[in-house]
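User: Please guide me through the reading of this structural model, one feature at a time. For each feature I should like the general idea, where there is one, and then the case at hand.

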Amino acid sequence: MPKYVVIKDFKDLQDRQHIYRVGDTYPRKGHKPSKKRIEELLSDKNLIGEPLIAEVDEPAVAETDEEGDE
């Protein structure tokens with residue numbers, strides 16, 4: 001599942017009125033939003049009219065990370 005970060009403070013009306021602040025991870029632990037909801041928050045198709053979250057690129061993890069490997 002992709003990771004998202006909040007880029008504008010908002011109250012999620014579909015997550016028990018949970019308040020997300022800039023820099024928070026979306027969704028919070030224990031909340032599983034629908035694909036449609038994520039699309040709304042990524043776009044301007046929400047009540048605020050502007051994107052509220054952005055997808056975060058995760059850095060690739062090296063296959064081996066043992067000490068002494070060169």
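Analyst: Let us begin with one residue of the loop between α1 and β5 (53-56), namely Asp44. Please bear in mind throughout that the model is predicted.

User: Is Asp44 buried, exposed or partly exposed, and why?

Analyst: The class follows from relative accessible area: under 20% is buried, over 50% is exposed, and the range in between is partly exposed. Asp44 has a relative accessibility of 42%, so it counts as partly exposed.

User: Which residues does Asp44 touch, leaving out those up to four places away in sequence?

Analyst: With that exclusion, Asp44 touches Gly49, Glu50 and Pro51. In addition, a polar contact of 3.4 Å links the side chains of Asp44 and Lys45.

User: Asn46 lies in the loop between α1 and β5 as well. Why does Asn46 count as it does in terms of burial?

Analyst: The cut-off for burial is under 20%. Asn46 counts as buried because its relative accessibility is 15%. Its side chain reaches two backbone oxygens: that of Glu40 at 3.0 Å and that of Glu50 at 3.1 Å. Beyond four places in sequence, Asn46 is in contact with Glu40, Leu41 and Leu52.

User: How should I read the overall arrangement, and in what order do the elements of the protein chain run?

Analyst: The protein chain has one helix and five strands, which run β-β-β-β-α-β from the N terminus on. An open sheet is formed by three strands in the order β4-β1-β5, with antiparallel pairing. Its edge strands are β4 (25-26) and β5, each of which pairs on one side only. The helix α1 packs on this sheet and touches β1, β4 and β5; its direction makes about 105 degrees with that of β5.

User: How many bridges join β1 to β5, and how many join β1 to β4?

Analyst: β1 and β5 pair over four bridges in the antiparallel sense, while two bridges join β1 to β4, again antiparallel. Individual residues show the register. Tyr4 has Glu55 of β5 as its bridge partner. Val5 stands opposite Ala54 in β5, and its bridge partner in β4 is Thr25.

User: Which side chains of β1 point to one face, and which to the other?

Analyst: In a regular strand the side chains alternate between the two faces of the sheet. Here, Tyr4 and Val6 point to one face and are buried, whereas Lys3 and Val5 point to the other and are not buried.

User: Which residues make up the largest nonpolar core?

Analyst: In soluble globular proteins, nonpolar side chains tend to be buried together. In this model the largest nonpolar core has nine residues: Tyr4, Val6, Phe10, Tyr20, Tyr26, Ile38, Leu41, Leu52 and Ile53. The elements giving two or more residues to this core are β1 (3-6) and α1 (35-42). As for the surroundings of Leu52, it touches Val5, Val6, Ile7, Lys8, Phe10, Leu41 and Asn46, not counting residues up to four places away in sequence.

User: Finally, what share of the protein chain counts as buried, and what share of its accessible surface belongs to carbon and sulfur atoms?

Analyst: Of its 70 residues, 23% count as buried. The accessible surface comes to about 5,700 Å², and 48% of this belongs to carbon and sulfur atoms. Among contacts with a separation of 6 or more, 41% are between residues 24 or more positions apart.

Key:
Residues numbered from 1 in each chain as written. Predicted model: local features only at pLDDT ≥ 70, side-chain atom pairs only at ≥ 80, totals over all residues. Heavy atoms only, no water. Core = buried A, V, L, I, M, F, W, Y, C linked by side-chain atoms within 4.5 Å. Buried < 20%, exposed > 50% of the residue type's maximum accessible area, 1.4 Å probe, protein only. Contact = heavy atoms within 4.5 Å. Polar contact = N/O pair within 3.5 Å; in protein donor to acceptor, adjacent residues only side chain to side chain. Areas by Shrake-Rupley, 256 points an atom, 1.4 Å probe, with all protein chains shown as cover. Pairing = 2+ DSSP bridges. Axes fitted to C-alpha atoms, helices over the stretch in contact; angles between N-to-C directions.
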